[in-house]
Structures are given as C-alpha cells and as structure tokens.
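Me: I would like to take a close look at the enclosed and open spaces within a protein model. Please guide me through one part with care, and then place that part in its surroundings.

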Amino acid sequence: MEQWTRREDERLLTGKGRYVADIHVPGCLDAAFVRSKVAHGSLRGVDCTAARQVPGVVGAWSAADLPDLPPVPHTLLARLSTEEAVAGREWPALVKDRVRYPGEALAVVLAEDRYRAEDGAAEVTAEIDPLPAVVTPAAALEDSVRLFDGLSNTALRGEAGEPIDPAVWQEAAAVVEATYRQQLLMPSPMECRTILAVPEGDRLTVWSGHQMPHRLRRELAALLGWSPDRIRVVVPDTGGAFGSKSAAFPEFVVVAYLAVTLGRPVRWIEDRLESMLVATRGRGQDQTVRLAADADGRLLAYELTIDADVGAYPHLGVGLPMQTAWMASGAYTTPHVHATLRSVLTNTMVTYPYRGAGRPEAATAIERTMDLLARRLGIDPVELRRRNFIPPDAFPYDTPTGRRYDSGNYAAALDLALETLGYEEWRAEQARRRGDPDALPLGIGVSCYVERSGGEPGGLHEFGSLEVHEDGTVTARCGAAPSGQGHETVFPALVARTLGIPEERVRLVEGDTDQQPEGLGSFASRSAQVAGAMLQHAAQLLIEEARHRAAQLWGLPADRAAWADGTVHAASGGQAPLGLAELVKATGPLRVEDRYEAGMAFPFGAHVAVTEVDPDLGTVNVLRLVAVDDCGVVLDPAVVHGQAFGSAVQGIGQALYEGMTFGEDGVPHLASGFLDYLLPTYTEIPPIEIKDTRTPSPTTPLGAKGAGESGCIGTPAAIVNAVADALKTADPGLLQMPLTPDSVWRAAGATHPEEGAR
C-alpha cells in the first residue's frame with residue numbers, strides 16, 4: 001500500500017490542535033469535584049455551606065441537594081454482560097449513602113473558573129464512617145466485606161468451552177499448573193477526560209474527547225429524559241484514549257444535569273491526579289491455569305480459571321473477562337479447552353476496556369504456560385509452539401471456546417521474528433554466559449498471540465456517507481471518532497484511491513452527531529476493519545450512482561457507462577467523459593449513505609524479547625525486542641508501524657513498571673503522581689524492531705484486521721518469559737508483573753539460593 005501524507009501532524013505538532021480545554025464559551029462555569037479520601041465507608045453527611053460563600057463560586061451540591069440527579073448509565077453490550085449483574089448495584093453520580101472506591105465524588109462545586117471552584121471544593125466537609133476495604137478478588141471473594149448489602153461480591157459468572165474429562169489429565173505425559181496475577185493498570189492518555197455541556201435553547205451541545213459520541217448522546221438523552229435529536233455531541237482533537245473514554249462517567253452525568261438545570265455552560269477538565277485516582281482501570285485478573293501434553297509435546301487440554309477485579313460497580317467491565325475466556329486457547333490446536341470466570345467487585349474504580357481488553361490477559365496466561373511446559377518436557381519453547389500451531393490450511397478454524405478464527409499463518413510470523421532477532425546467535429550467547437560465572441544471565445522469551453478485532457456480533461457495523469460538491473470535492477462522513485489513530489489521513493486517502501481522485505479532494509467529517517446522525521465509534525481496533533470498509537463500500541455505491549446518472553444523461557444502458565480515474569466514460573457514442581463536478585452540475589446533488597457490516601477478524605503475531613538480568617540488583621535490561629504482527633492488508637504502513645510501536649511500549653510498561661498498589665486502607669499509593677505509578681519513558685525503551693506478515697481477512701473486502709493493540713497483547717509475556725529463561729526458574733509464581741527489582745531479586749534468590757544470600 002502506498003504511503004499517504006499525514007494531515008494531522010502539522011496542526012498537532014505546532015500547538016494548533018483544538019481540544020475541549022481550548023474551547024471558550026462565554027459564561028462557562030468550571031466544575032471541581034469533592035472526592036472521598038477513604039476507599040469504603042458509610043456517608044453520614046456532606047456540608048457545602050462554606051463552599052457557597054467562596055468568592056466566584058456559583059453553587060455547590062451534594063447528592064442530597066440534587067434528589068433528581070440520575071445515576072450513571074450502564075451499557076450492557078451483547079454477549080458481554082447481563083442485567084442481573086447491575087440489579088441492585090446502582091452507580092450514583094454523587095455518593096448517596098456509601099463510598100465504594102477512593103476518590104468517589106461526594107459533591108460538586110461550580111465557579112467562574114477552575115481556581116475558584118477548587119477553592120470552594122476545599123471548604124466542603126463530609127462525615128464518613130470508614131469500613132474495611134477489599135482491593136483484590138481474593139479478599140472480596142471471602143464476602144466478609146460486602147460492597148452491597150445482601151448481595152455477593154461476585155457480580156457475574158461465565159464460561160467458555162466444555163468441562164474437561166479428568167482422565168485427560170491423568171493420562172497426559174506432562175501436566176503443568178501455575179497462577180498469574182494480571183495487575184491493575186491505568187490507561188494514562190496524554191489528555192485526561194473532558195466534557196463541556198452548552199445549553200442552546202431546547203438543545204444541549206456536548207463537547208468531549210470521546211471514542212463513541214453517538215453512545216454518549218444516547219446515554220445523556222436517556223438520563224435527561226430527552227429524545228436523542230435534542231443533544232449534539234462533538235469530539236474535537238483528542239489526546240489519546242486507549243479505551244478509557246467510551247462511557248458516560250459520573251462527572252459527565254453531573255455536568256450535563258447542572259448545565260440543563262442552570263441553563264449555563266458547564267465544563268469539567270480532569271486533572272492528572274484525578275485521572276490517576278478515578279479514571280478507569282485495565283486488566284486486573286487472578287488466573288489459575290493447567291496445561292497437559294503428550295510425550296511429544298502435543299497439547300491435550302488447557303484449563304483457565306479467572307477471578308477478575310471489575311471495581312466497585314458492574315459496568316461494561318463486568319463482562320470483559322469473557323474476552324479472555326473466549327481467546328483462552330491462543331494460536332494452538334488444543335482439543336480440550338475450558339475457561340471459567342468470576343467478575344468480582346472490589347473497592348477500586350471500575351475496570352473498563354483498556355488497549356487489548358481481555359486479550360492480553362489470555363495471551364499472557366497461555367504463553368507463560370507454554371514456556372513452563374517446554375521446560376518440563378525439555379523441548380525448546382519455539383519448537384513446542386511450532387508443533388501445536390493451527391496450520392494455515394485449517395482456517396476458518398473453530399476453537400473449543402467458540403471463536404471462529406478467520407485466517408492465519410502463525411508459523412510464518414514466528415519464523416520472521418526469530419530471523420529478525422537472530423535467535424540462534426542469541427542462544428549461543430546465552431550458552432556462553434552460562435559458562436561464565438561473571439556474566440549477567442541472559443534470557444530469550446517468545447510470545448505468540450491471536451486476538452479479536454472489530455467488536456462482537458451486533459457491534460460490527462458502521463454508518464457513513466459520501467457527498468460530492470459542485471467543485472468536485474468529496475465530503476466523507478463516518479460514525480467513528482479518532483483519538484490518535486490517523487483517521488484524518490487514512491480515511492480520505494482510502495476514499496480517494498477507490499474513486500481514483502487526488503486525496504486532497506476528499507475531506508473527512510467525524511465525531512459530530514449532527515453531521516453524522518448514526519455511528520458506533522472507535523474501539524476494539526475496528527477503525528480500518530469496519531469503518532474503513534464502510535467508506536470503501538460507500539465509495540463503490542457512489543461510483544454506481546455516478547454510472548447510473550451518466551448513463552441516463554447519455555440515454556445509454558447503465559452497463560455502457562464505465563468508471564475510471566475519477567470520471568464516467570461512455571463505452572460508445574462519443575460522449576465526453578464526466579468528472580464528479582460536471583456530473584453534479586448536470587444532474588444535481590450527489591450523495592450516498594449506508595450502514596455497512598463487517599465480520600470479526602483475528603490479528604496475530606509473534607514477539608521475541610532478549611533480556612539481561614542482574615540477580616544482585618533485581619534489574620531487568622531489555623536488550624532487544626522484535627514484534628512481528630499480522631493485521632491483514634495494511635492501509636498505511638506508517639500508521640500501522642506507529643500503532644505497533646506505541647502498543648509495544650505499553651506492553652513493556654505492564655511487564656516491568658506499571659501497576660496499582662494500595663495501602664491497608666484500600667487507598668492507592670499515588671501521592672506523587674507518576675513518581676508513584678511508573679510509565680516507560682524514552683530512557684526505558686529498548687531497541688524495538690517492528691515487522692509484519694500480511695494474511696488478508698476474508699470477512700471484509702479490505703482484507704484489513706485491527707492493528708492497534710498488538711504490542712499490549714504480545715509483548716508482556718515475551719519479556720516475562722525472557723526473564724524466567726534468564727533466571728532458569730520453573731516456578732512462574734515467583735515472577736508476577738510488574739517485574740520490579742524486588743520481585744526479580746526475590747525470584748533470583750529462590751532460584752539460586754547461594755546467590756540470593758550474598
């Protein structure tokens with residue numbers, strides 16, 4: 001595919017981007033929220049009296065002051081959640097009687113600017129009787145502390161696959177078992193959450209950096225009791241999302257409600273400490289696995305048990321562990337696979353989709369266990385994977401957990417990764433170091449993954465339109481909303497290529513529910529696979545309409561009008577070709593619109609890491625990382641490369657640095673911001689080489705699969721496997737992410753007691 005000129009870069013890199021915080025609306029009030037300092041407690045009362053006396057403060061309210069304030073809307077997507085999980089577990093926009101996570105909003109203060117609003121918030125007092133907090137699934141499952149009286153902390157149970165006959169385990173040549181912890185992560189986009197609600201007559205315009213503007217419109221309309229056409233949602237430039245900006249949050253409910261109630265614009269710009277305290281979390285699973293194989297290393301059975309931390313309130317995150325269950329078997333032909341899960345409520349902010357959303361958890365579990373099995377059998381981990389890959393001629397392949405993989409060549413991706421790395425040379429270097437008592441241990445880790453992109457059935461469609469203007473330019477409208485994926489470049493170029501016109505003649509309109517009345521949004525790596533296919537489909541509809549009109553104009557059958565290079569040509573008769581501008585002038589406005597539905601796709605890849613470990617210090621140095629990903633047909637190589645690189649960096653973050661930690665009171669350790677929650681910076685990024693194989697998907701005419709989540713899925717297990725290989729540890733419980741110096745030092749000491757005692 002050709003390389004397209006990026007349209008966004010100049011505006012964003014020169015500071016000319018327009019974010020919600022840049023939008024000036026006369027008379028706008030800024031919101032500051034008063035937040036709980038405890039993780040769990042009974043609320044006795046909130047006093048806003050003193051706040052209302054602060055100069056510049058327009059008002060201050062607790063839940064008691066706003067009896068008609070609606071609760072936070074919950075979205076239960078098909079196959080992911082049930083109404084039973086939410087019943088009796090309402091999420092109030094402001095705490096009514098019990099605090100269930102640290103930072104939960106107790107009150108809101110509106111003022112003429114954010115500074116005065118914060119001054120007012122500092123004057124609000126609250127009385128809370130602390131209660132014991134549970135911040136892990138294991139603690140919550142004891143049910144000694146219940147978040148909702150009379151209801152279990154287990155909000156949802158699920159399974160994928162069939163229970164495995166005990167005889168399979170008994171007759172296997174090798175069975176390995178392990179437990180893993182997938183720690184809670186913060187998505188950490190550059191721009192935190194934002195909302196600006198502006199009443200305009202009987203309508204409300206909402207500006208927000210959001211992934212799903214039509215969903216936000218629908219949810220706000222429902223909570224206000226309005227018809228959706230009274231609300232317009234506009235998404236301006238958005239500084240990243242990674243899944244964390246696709247809901248109506250408590251703060252959004254309060255802002256929209258007060259804007260309508262007061263008849264004045266209200267804005268909330270989340271600051272970084274707020275984001276760290278109360279923005280959504282990702283991951284958060286305790287996993288137990290069991291894997292069986294015969295003497296030749298052929299997999300026989302795999303069992304995965306998941307206890308998932310879904311936070312204080314059942315929301316979309318309550319069903320996310322099913323993504324892990326459905327993808328449990330990974331890239332392998334395992335005859336028997338059974339995954340069971342419990343979604344468990346804890347005194348933490350809600351768990352929500354975060355880049356990969358359930359698939360990194362599945363990949364890490366199976367890939368770490370494959371290495372464990374390889375050590376048990378004395379087989380090279382690469383060879384073990386090769387023996388068990390689903391072969392290319394087996395696609396479409398139905399997994400025991402109910403997924404139908406569309407296409408794949410897993411061995412080709414692994415071969416390219418190993419060739420790029422120089423696998424045999426690194427193994428030779430590892431052998432040399434193991435013979436040198438003064439050399440630091442070196443490890444090589446492999447991780448092969450399969451993921452799902454596009455969404456679930458019922459959510460694999462998108463809406464859009466193309467409109468041709470009298471000057472021959474084309475406006476493409478799409479229901480998606482970008483947050484850094486490069487839509488502004490890729491989508492117009494895709495339309496232009498299909499039509500055969502210069503790309504600068506196509507303009508994209510997204511993220512505006514008035515401009516495009518229906519849409520789903522940007523999530524689940526669906527931009528190219530679903531929205532891109534929709535725009536290509538619309539371009540083909542436009543070509544057919546242009547041919548039909550030209551044929552009528554010429555008095556010819558439609559099949560005698562052909563399209564080529566942006567013009568309609570008559571097969572006979574001597575008529576001059578008609579370009580789009582001439583066609584519109586001759587026949588009137590030209591516009592097509594449609595709803596297009598794609599199928600699920602299953603991107604895959606192989607990541608290989610080389611790590612050097614200092615057993616005395618517990619430090620891990622990633623010497624090399626190779627990521628080979630297959631997202632089918634690549635529309636824009638630069639965009640795909642950037643997505644793969646950025647995602648790999650986030651995968652490094654999960655493996656080595658990131659993770660929520662809590663005190664005994666359940667409050668997270670975030671007093672110093674990013675000094676307490678470590679993100680990989682430029683200094684921590686190792687040499688990363690990005691390669692790709694290209695296996696088209698048959699479920700969309702573009703052949704494209706999702707590209708945005710690969711590194712978060714494939715990289716963590718590769719790094720952890722490399723560290724385990726360096727330390728020669730057979731106990732995976734010794735190495736849990738993030739691999740902090742303390743955890744690595746302890747694992748090294750347990751593996752080599754004489755060294756750990758030095």
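How much space lies in the largest cavity?

Reply: The model under discussion is a predicted one. About 90 Å³ of space lies in its largest cavity. This cavity is one of four in the structure that reach 30 Å³ or more.

Let us begin with the wall of the largest cavity. Its lining consists of 17 residues. Those that lie nearest the centre are R283, Q285, L320, T351 and E361. Two elements, the strands β13 (282-293) and β14 (299-309), each give two or more residues to this lining. Of the elements, β13 gives the most, with four residues. By chemical character, the lining of the largest cavity divides into eight nonpolar, six polar and three charged residues.

The second largest cavity may be described in the same manner. About 60 Å³ of space lies in it. Its lining includes M186, P187, S188 and P189, together with S244. R272, S275, M276, A279, T280 and F674 also line the second largest cavity. Six residues of this lining are nonpolar, four are polar and one is charged.

From the cavities we may turn to an open space, the second largest pocket. The volume of this pocket is about 620 Å³. There are 24 residues in its lining, and V34, R35, S36, K37 and L277 lie nearest its centre. Four elements each supply at least two residues of the lining: the strands β1 (29-35) and β6 (125-130), and the helices α4 (114-122) and α9 (272-278). The largest share, four residues, comes from β6. Nonpolar residues number 17 in the lining of this pocket, beside two polar and five charged ones.

The packing of nonpolar residues is the next topic. The largest nonpolar core has 79 residues, and the members that touch the most others are Y302, Y405 and Y410. Helix α11 (residues 359-377) provides the largest share of this core, namely seven residues. Leaving aside residues up to four places away in sequence, Y410 touches A331, F389, I390, F395, Y405, V450 and F604. A second core, separate from this one, has 43 residues, with L494, V506, A561 and V592 among them.

Finally, we may consider a small sheet and a residue beside it in sequence. The strands of this open sheet are three, in the order β22-β23-β24, and their pairing is antiparallel. The edge strands, β22 (561-564) and β24 (578-579), each pair on one side only. Strand β23 (residues 567-570) is joined to β24 by two bridges, and T567 stands opposite G579 in β24.

R560 belongs to the loop between α16 (527-554) and β22. Because its relative accessibility is 36%, R560 counts as partly exposed; that class lies between the limits of 20% for buried and 50% for exposed. Apart from residues up to four places away in sequence, R560 touches H569, A570, A571 and S572. R560 and H548 are twelve residues apart in sequence, and the distance between their C-alpha atoms is 9.5 Å.

Terms used
Residues numbered from 1 in each chain as written. Predicted model: local features only at pLDDT ≥ 70, side-chain atom pairs only at ≥ 80, totals over all residues. Heavy atoms only, no water. 1 Å grid on protein atoms, 1.4 Å probe; cavity = no way out; pocket = protein on both sides within 12 Å on 5 of 7 lines; lining within 4 Å. Points joined across faces, edges and corners; volume = space filled by probe spheres on them. Nonpolar A, V, L, I, M, F, W, Y, C, P; charged D, E, K, R; others polar. Core = buried A, V, L, I, M, F, W, Y, C linked by side-chain atoms within 4.5 Å. Buried < 20%, exposed > 50% of the residue type's maximum accessible area, 1.4 Å probe, protein only. Contact = heavy atoms within 4.5 Å. Pairing = 2+ DSSP bridges.
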